[in-house]
Amino acid sequence: MNRRVVLAARPVGVPTEADFRLEEKPIPTPDDGECLVQVSYLSVDPYMRGRISGRKSYAAPVEIGQVIVGAAVGRVIASKTDRFSAGDCVMGGMGWQEYATPSADLLRRVDPDAAPLSAYIGVLGMPGLTAYYGLLKVAGVNPGDTVCVSGGAGAVGSAVGQIAHVKGCRAVGIAGGPKKCGWITGELGFDAAIDYKGEDVGEALKTAAPDGVDVYFDNVGGPVTDAVFPHLNVRSRVAICGQISQYNAIDAPVGPRLLWHFIVKRIRAQGFLVFDFREHDDVALAEMASWVRSGQLKYTETVAEGIESAASAFIGMLGGANIGKQVVKLSDA
Ligand code: NAP
Ligand code: FER
């Protein structure tokens with residue numbers, strides 16, 4: 001049988017486990033052009049909060065009763081396409097389920113000998129690419145810049161600070177709690193970390209970024225971002241990647257109006273989607289993999305076990321329970 005998680009109800013505010021339902025169906029059979037994949041790891045990501053909300057976006061929302069969308073990695077166990085054979089490892093959108101029959105067009109082959117399979121939904125997957133494009137193509141960095149990243153101990157943010165280092169920048173991370181802050185400065189080599197739950201971010205930036213901030217990579221929005229804006233330098237750049245502090249909001253909060261800084265300092269802010277840069281994925285992933293091999297790009301994962309823990313892993317990630325990338329392990333490849 002195939003166990004899968006479907007949307008039971010549209011969450012209001014912070015999602016609860018009752019918004020999701022585990023169900024059992026027969027293992028599907030692939031049609032022409034499809035593969036049957038046994039999933040090893042599935043990804044839980046912040047964007048899924050938007051997809052289950054019913055809000056209109058670049059993609060159709062998940063409807064009640066439908067399998068929750070999401071990327072996964074696994075092994076092909078039957079194939080009705082000449083592009084993949086049984087035994088191949090693949091990454092793609094397969095949803096929260098143990099077996100899936102994705103179309104071969106939507107799958108990328110991955111090498112289980114080059115990196116652990118879970119890395120292909122993390123540092124060598126969509127979150128890693130987001131860090132790479134947001135920093136290098138959206139913001140743009142010069143050696144000597146101070147790069148500040150919020151969500152600094154998460155999947156995207158932890159890569160941003162390290163790529164900034166590769167490019168000769170000072171890396172300042174903002175994250176929740178001393179454990180996360182200690183990890184990014186200790187293990188990952190960030191130059192400074194600010195615990196937004198325990199410190200005044202604006203005050204702390206005076207010592208963490210004494211020359212101001214040249215690039216702000218924003219993953220969270222809200223009060224953390226309000227505290228960074230006054231520290232932005234003349235001609236600094238803001239890459240607006242995510243606003244996770246707002247994803248569970250029921251009414252759009254009205255915040256302080258800090259855009260005056262953008263006029264005075266001629267700041268450029270740009271939102272982006274990782275998919276905008278798809279044509280560069282092969283080059284970017286090769287470069288990211290080379291930094292992982294050289295030890296310049298480290299990563300960690302928070303691993304939940306079993307399809308029955310997917311909803312709690314997702315809810316936990318939205319609340320900050322993860323350090324590094326949150327994944328759910330379903331089977332050994
Ligand atoms: P992640 O950072 O691994 O996990 C989410 C983290 O958000 C939590 O661990 C938590 O860390 C933090 N958080 C939750 N509520 C917060 C709040 N109120 N204020 C500050 N921080 C809060 O997730 P990710 O996959 O790397 O994604 C990070 C951001 O990038 C998200 O906003 C996501 O939407 C965005 N993103 C954008 C794109 C794109 O194409 N634009 C692609 C991928 C991801 P703390 O313990 O530090 O609070
Ligand atoms: C994300 C946040 C938002 C993300 C995508 C979006 C891929 C896109 C939302 C939309 O188009 O409505 O983390 O990651």
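Buried, in what I am going to say, means under 20% relative accessible area, exposed means over 50%, and partly exposed is whatever falls in between. I should also say at the outset that this is a predicted model.

With those cut-offs in mind, let me begin with R10, which is found in the loop between β1 and β2. Its relative accessibility comes out at 27%, and because that value falls between the two cut-offs, R10 counts as partly exposed. If we leave aside residues up to four places away in sequence, R10 touches D19, R51, I52, S53, G54, V62, E63 and I64. Two of these neighbours deserve a closer look, since the side chain of R10 reaches the backbone oxygen of I52 at 2.9 Å, and a polar contact of 3.2 Å joins the side chains of R10 and E63. S53, another residue that R10 touches, is 43 residues away from R10 in sequence, and yet the two C-alpha atoms are 5.8 Å apart in space.

From that loop I would step back into strand β1, which is the place of N2. Is N2 buried or exposed? At 2% relative accessibility, which is under the 20% cut-off, N2 counts as buried. The side chain of N2 has polar partners in the backbone: one of its polar atoms lies 3.2 Å from the backbone nitrogen of E98, and the backbone nitrogen of Y99 lies 2.9 Å from a polar atom of that side chain. Again without counting residues up to four places away in sequence, N2 touches E23, E24, K25, P26, I27 and P28, together with Q97, E98 and Y99.

Strand β1 comes up once more when we turn to helix α9, which spans residues 310-319 and is mostly covered, with eight of its 10 residues buried. Those buried residues are A310, A311, A313, F314, I315, G316, M317 and L318. What do they pack against? They pack against β1 and β2, against helix α1 (47-51), and against the strands β14 (301-305) and β15 (325-329). After the helix comes G320, whose phi is positive, near 95 degrees.

A second helical region worth showing is the meeting of α2, residues 126-139, with α8, residues 281-294, where the axes come within 10 Å and cross at roughly 105 degrees. That angle makes α2 roughly perpendicular to α8. On the α2 side the contact is made by G128, L129, Y132, Y133 and L136, and on the α8 side by D281, A284, L285, E287, M288 and W291. By character, the residues of this contact divide into eight nonpolar, one polar and two charged. As a reminder, an α-helix has 3.6 residues a turn, so residues three or four places apart point the same way.

Now to the ligand. There are 26 residues around ligand 1, and of these K180, Y196, N219, Y247 and N322 come nearest. For Y247 we can be specific about the atoms, in that an N or O atom in its side chain is 2.6 Å from an oxygen atom of ligand 1. The protein backbone takes part as well: a polar backbone atom of A155 is 2.9 Å from an oxygen atom of ligand 1, while a backbone N or O atom of C241 lies 3.0 Å from a nitrogen atom of the ligand.

I will finish with three further arginines. R235 lies in strand β12, and although it is not a glycine, it has a positive phi of about 60 degrees. With a relative accessible area of 53%, R235 is exposed, because that value is over 50%. R266, in the loop between α7 and β13 (268-271), is likewise a residue other than glycine with a positive phi, here near 50 degrees. Its relative accessible area of 47% makes R266 partly exposed.

The last of the three, R257, lies in the loop between β12 (232-240) and α7 (260-264), and at 71% relative accessibility it counts as exposed. How far apart are R257 and E23 in space? From C-alpha to C-alpha they are 46 Å apart, with their positions 234 residues apart in sequence terms. E23, you may recall, is one of the residues that N2 touches.

Terms used
Residues numbered from 1 in each chain as written. Chains lettered and ligands numbered in written order. Predicted model: local features only at pLDDT ≥ 70, side-chain atom pairs only at ≥ 80, totals over all residues. Heavy atoms only, no water. Axes fitted to C-alpha atoms, helices over the stretch in contact; angles between N-to-C directions. Helix = DSSP H or I, 4+ residues; strand = E, 2+ residues; numbered from the N terminus. Parallel < 35°, antiparallel > 145°, perpendicular 65-115°, else oblique. Contact = heavy atoms within 4.5 Å. Nonpolar A, V, L, I, M, F, W, Y, C, P; charged D, E, K, R; others polar. Buried < 20%, exposed > 50% of the residue type's maximum accessible area, 1.4 Å probe, protein only. Near = heavy atom within 4 Å. Polar contact = N/O pair within 3.5 Å; in protein donor to acceptor, adjacent residues only side chain to side chain.
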